[in-house]
Amino acid sequence: MSLLALPSARDEAWRWSDLSGLPAIADGQPTGAPRSVDDLWIDTPGPRLLFVDGVYDASRSAPGPVRVGAADANAGRHALGKLAGSTGWTLTLGRDAATEGPVQIVHISTGGANHLAADIRLDEDAQASIVESFVGEGWVNRAASLRLARSARLMVARRFLHESGFQSHADTAEIGQAASLTIASLVAGQADSRLDGHLTITGIEAFAEAGGALLGRKKQRHDAAFVVRHAAAHGQSRQLWRAVADEQAVTSTSARVEVARDAQKTDGEQSLRGLLMARTAAVNLKPELEIFADDVKCGHGATVGELDRNSLFYLASRGIPPVEARAILTHAFVADALARIGEDAVREAFEATANSWLGMIA
Amino acid sequence: MCFDCAQHERIWNGNVMLKIENLHAEVDGKAILKGITLSINPGEIHAIMGPNGAGKSTTAYVLGGRPGYDVTEGSATFDGKDLFEMEPHERAAAGLFLGFQYPVEIPGVSNLQFLRTALNAQRKARGEAELSGGEFIKLARKEADALGLDPEMLKRPVNVGFSGGEKKRNEMVQMGIIAPKLAILDETDSGLDIDALKAVGHGINTIMRRPDRAVLLITHYQRLLDYVKPDFVHVLAAGRIVRTGGPELAHELEREGYGQITDELAA
């Protein structure tokens, strides 16, 4: 693979990402080293799928309604998403169908690069919840197409926990009338990441939410770029991102709301907040609004700051040493983003992951 | 009997918990405290009253070790140890509790989690065994019950969405669980309705009115002192203690205001 084929900082949408290391990572070979995944399964009923270096491990999976094989992630134009190829997994739920518990998918990488596509289609009134965890080394690249028919509901929670390498994910979603899609992401590993989403509200009264927490330290770079396009009226969207940067890390979020001419009564809200844990770290936040309808409500907020000194003193006055106090307040800072995850067991697992990154004592 | 003499006698007894001598402090380069001398023995409740801007909150913050409140002269010892040599969290572990005028909200962290972390950090610093989750919950429920706080509130994030009264009651629950030797309560009565004021007063009496504990109440108004009877009342003005007396001094101030004292200072 060539650097020339990858976007660079000259492309506005990629200005905060650094993909220059990708060809070298992709040239590596997976080691195939075995790894336990027991700590990654969340204790809930439901289908479980394990992919090792992008290859389905049937012996350690219980796929339920999920099919493994050809998949169209509908990511044709996305610079990384298009590399995801046409094999992976699909989840198709018919009218009124629902999965029993969340579909859990664990992706282990052992080096080199692996790509997978996912295609999720929910028919009218279908309901599903998907939880994905990414661990290991090397470049893991994923693209997913999410299509929700009328009144369908989908909750996606992903945690990116690679120890090294690179993690990229691109979503393309179409959300039909009165359907609801929530995507929550937690980046809490040691590797760089790039998350993209292009969510389109195609039916009236639909709901779309994309958000998450990006936790960076050392020289990590995390970049999340989500667009919610309102193409139909009376839609609601929420984008809530929390970016934390320590040491020399750079965490960035751009969130865009597009409101088409006919999408009257749209209610869009963006809340982007950055937390600088060190003066050498950087946070970039870019809220964008593009509104062509004239009767809409779009709120946006973007703030970057350090931990509140008053709060730190409050914790100290209760006997909590500075390192723990910082961890607790950072946890509090990202808590909003994880609170969107509906199932208690999943949310608690994600909170525990975030806490472990923060070095917080439970 | 002169209260200064009473103070002297207490100091000679050698049983002082907090001893402040000639304390000067500044904030942003501006001198606020200009020579405070005060000693508190175990079993005593002291009130510091004074007009706005006298340095009441600064006194609390300096003793608590808040960054930005710089001691320029004088000393303070707590149980014989130099208070200003200790970090704020070390002061807490040594037994000092600071009640806040505006308790901080911490979204995403439950009261239980916060208090267990705090209590166990203090116990660890003192070389005591940490409490298990079960032991801690029992203790927390007991303290919440004693103060009439719905134990369900302990599961809620720290102070998030609490009314002013609930925040102050929560401070009392924290004090009950932490069980400090000395509580410095900074305008704990501000913004409270009468029920919350009674509850806070009850909390202070129940938790701190013991021969081995002491309280320094910082307040602008006499109201709280109807519920918590102080042994000593000190009037702080322009960064110094200008008068010391018994509980009757608080009533006198309530009747006559601080005008006379500030006039005397100006003269």
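What radius of gyration would a compact globule of 267 residues have, and what does chain B have? In this predicted model, the answer is pleasingly plain: a compact globule with that many residues would come in near 18 Å, and chain B has 18 Å, so the two agree. Laid along the principal axes, the C-alpha atoms of chain B fill a box of roughly 60 × 40 × 40 Å. As for what sits inside, 44% of the 267 residues of chain B count as buried. Chain B holds nine helices and twelve strands. Its contacts reach a good way along the sequence, too: among those between residues at least 6 apart, 73% join residues at least 24 apart.

Some of the strand pairing in chain B can be followed through E4(B). Strand E1 of chain B, residues 18-27, runs antiparallel to strand E4 of chain B, residues 69-78, and eight bridges join the pair. Within this pairing, His24(B) stands opposite Glu73(B) of E4(B). E4(B) also pairs with strand E5 of chain B, a short stretch covering residues 81-82; here two bridges do the joining, and the strands again run antiparallel. Phe78(B) faces Lys81(B) of E5(B) across that pairing. E4(B) and E5(B) make a hairpin with two residues between them, and in the turn Asp79(B) has a positive phi of about 55°.

Now to where the two chains meet. On the chain A side, 19 residues are in contact with 21 residues of chain B. Two elements of chain A each give two or more residues to this side, namely helix H2 (309-316) and helix H3 (322-338). H3(A) gives the most, with seven residues. By character, the chain A residues that touch chain B divide into ten nonpolar, five polar and four charged.

H3(A) itself deserves a closer look. At 1.5 Å a residue, its 17 residues should span 24 Å, and because the end C-alpha atoms are 24 Å apart, expectation and model agree. The helix is not quite straight, though: there is a kink of about 30° in H3(A), centred on Ala332(A). H3(A) is also mostly covered, as 13 of its 17 residues are buried. Put together, H3(A) is a kinked helix that is mostly covered and gives seven residues to the side of chain A that touches chain B.

Key. Residues numbered from 1 in each chain as written. Chains lettered and ligands numbered in written order. Predicted model: local features only at pLDDT ≥ 70, side-chain atom pairs only at ≥ 80, totals over all residues. Contact = placed C-beta atoms within 7 Å. Helix = DSSP H or I, 4+ residues; strand = E, 2+ residues; numbered from the N terminus. Nonpolar A, V, L, I, M, F, W, Y, C, P; charged D, E, K, R; others polar. Expected span 1.5 Å × (residues − 1). Bend = angle between axes of the 7 residues up to and from the residue. Buried ≥ 20, exposed ≤ 12 C-beta atoms within 10 Å, placed from the backbone. Pairing = 2+ DSSP bridges. Rg over C-alpha atoms; globule rule 2.2 N^0.38 Å.
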